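This briefing sets out how the chains of the model shown below are arranged and how helices and strands meet within and between them.

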2 protein chains.
Amino acid sequence: MPARYLLVVSNQIHLSHLRRALKLASTNARSGAGGPFGAVIATGVEIISEGTNRVTAEMDPTAHAEVCAIREACRRLSRFSLQGCTIYSSCEPCPMCLSAIYWARLDALYFAGSREDAAGAGFDDSLLYEQIPLAVGERKLPTVRLLQDEGKQAFQAWLKQPDRIPY
Amino acid sequence: MPARYLLVVSNQIHLSHLRRALKLASTNARSGAGGPFGAVIATGVEIISEGTNRVTAEMDPTAHAEVCAIREACRRLSRFSLQGCTIYSSCEPCPMCLSAIYWARLDALYFAGSREDAAGAGFDDSLLYEQIPLAVGERKLPTVRLLQDEGKQAFQAWLKQPDRIPY
C-alpha cells in the first residue's frame with residue numbers, strides 16, 4: 001500500500017481509539033460512577049485496556065483514568081513496561097498521570113480535551129504544574145527532610161542485592 | 001505540658017514514623033520484593049498504612065511506596081481524602097508520587113533520602129522534573145491533540161449531572 005494510504009489508515013485507528021476514550025469519559029460522567037475522564041491503551045488496532053476515573057467510586061485518589069488503564073494493561077500483558085503501546089486519553093493527563101505514562105514507558109499519547117477544559121469543570125491541576133518544579137522548601141505542602149544519612153542505607157542495600165530487578 | 005516539651009514529643013513521633021519508612025525500604029530491597037522505597041501514613045502517633053515499592057512484584061509501574069501507602073490508607077479510612085494525615089517517605093517522592101500526595105490532600109511530608117541518592121542507585125526521576133513543565137509539543141513523549149471540540153463534551157455531561165461528587 002502506498003505510504004499515503006497507510007498514514008490515513010493509521011490516523012483512522014488513532015481517531016477510533018480516542019473516540020472510545022471520549023465515550024468512556026461521557027458514560028462515566030453520566031452514570032455518576034466518577035469524574036468525566038476515560039483512557040484506552042492500544043497497540044495498533046488492538047485495545048489492551050480501558051480505564052475510567054474511579055476516585056470516588058473506589059475511594060482512591062490515584063484512580064485516574066490513565067492510571068487505571070496502565071494498571072490494567074500491565075496486568076493483562078503481565079509486564080511492568082508498556083513499550084510498544086500508545087495511550088489515548090479523553091483529556092490532557094495531569095502531572096501524576098503524565099509521570100505514570102513515562103514510568104510505564106508508553107510510546108505515545110493522544111488526547112482531546114485540554115487542561116483548561118478540565119479546570120472549567122472543577123478539575124484544576126494548575127497547582128501541580130506550579131508546585132512540582134519548585135524547590136522542596138518553596139512548596140505549599142509543608143515538607144521536612146530528616147535523617148539524611150540513614151536515607152542512603154536502603155539504596156546501599158539495593159546495590160548489594162544480586163537478585164535486584166532494575167526498572 | 002509546656003510548648004517546648006510538646007515540640008520534642010512531636011519530633012520524636014516524626015522521627016519514629018520516618019525510621020519505620022526507612023526500615024520498610026531496606027527490608028524491601030534486601031528481600032528482593034521490589035525497589036528500596038518505603039512509606040508510612042500516620043495521624044499523630046497512629047500509623048494508618050504502610051507501603052513499599054511493588055513495581056516489579058505486582059507488575060504495576062504506578063506501585064511506588066507512596067502510592068501504595070495512599071491507596072491503603074484510603075481503603076482503611078474509607079475516604080478519598082487524607083486530610084489530617086502526614087506521609088513519611090524513605091526518599092523524596094518522584095513527581096508522580098508528589099502529585100498523588102497533593103491529590104490525596106495530605107497535610108505534610110517528611111522524607112530522608114534525596115532524589116540524588118535515588119539517582120545514584122538507578123532510580124533517576126530528573127527526566128520527569130524536566131518534562132512536566134514543558135509545553136506538550138516540546139516533550140520527549142510523542143503527543144498529539146485531536147478532536148478538541150469532542151473533548152469538551154464529557155465535561156458538559158459532568159456539569160449537568162446532579163449527583164456528581166466533586167473532589
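In this predicted model, helix 3 and helix 4 of chain B are roughly parallel to each other, because an angle under 35 degrees counts as such. The points below describe that helix pair, then the relation of chain A to chain B, and then the contact between the two chains.

**Helix packing in chain B**
- Helix 3 spans residues 65-77 and helix 4 spans residues 95-103; their axes come within 8 Å and cross at roughly 25 degrees.
- The crossing of helix 3 and helix 4 of chain B is left-handed.
- Helix 3 of chain B contributes B:Glu66, B:Val67 and B:Ile70 to the contact, and helix 4 of chain B contributes B:Cys97, B:Ala100 and B:Ile101.
- Of the residues in this contact, five are nonpolar, one is charged and none is polar.

**Relation of the two chains**
- A turn of 180 degrees with a shift of 0.0 Å along the axis lays chain A on chain B with an RMSD of 0.0 Å.
- The two copies are thus related as by a two-fold rotation axis.
- In chain A, A:Met96 has the C-alpha nearest the axis, at 2.2 Å from it.

**Contact between chain A and chain B**
- Chain A gives 76 residues to the contact and chain B gives 77 residues.
- On the side of chain A that touches chain B, 48 residues are nonpolar, 17 are polar and eleven are charged.
- The copies meet through the same surface, because 100% of the interface residues of chain A are also interface residues in chain B.

**Strand pairing across the chains**
- Strand 4 of chain A (residues 108-113) pairs with strand 5 of chain B (residues 143-145) in the parallel sense, over three bridges.
- A:Tyr110 has B:Val144 as its bridge partner in strand 5 of chain B.

Conventions: Residues numbered from 1 in each chain as written. Chains lettered and ligands numbered in written order. Predicted model: local features only at pLDDT ≥ 70, side-chain atom pairs only at ≥ 80, totals over all residues. Axes fitted to C-alpha atoms, helices over the stretch in contact; angles between N-to-C directions. Helix = DSSP H or I, 4+ residues; strand = E, 2+ residues; numbered from the N terminus. Parallel < 35°, antiparallel > 145°, perpendicular 65-115°, else oblique. Left-handed = near helix turned anticlockwise from the far one by under 90°. Contact = placed C-beta atoms within 7 Å. Nonpolar A, V, L, I, M, F, W, Y, C, P; charged D, E, K, R; others polar. Least-squares fit on C-alpha atoms with pLDDT ≥ 70 in both. Pairing = 2+ DSSP bridges.
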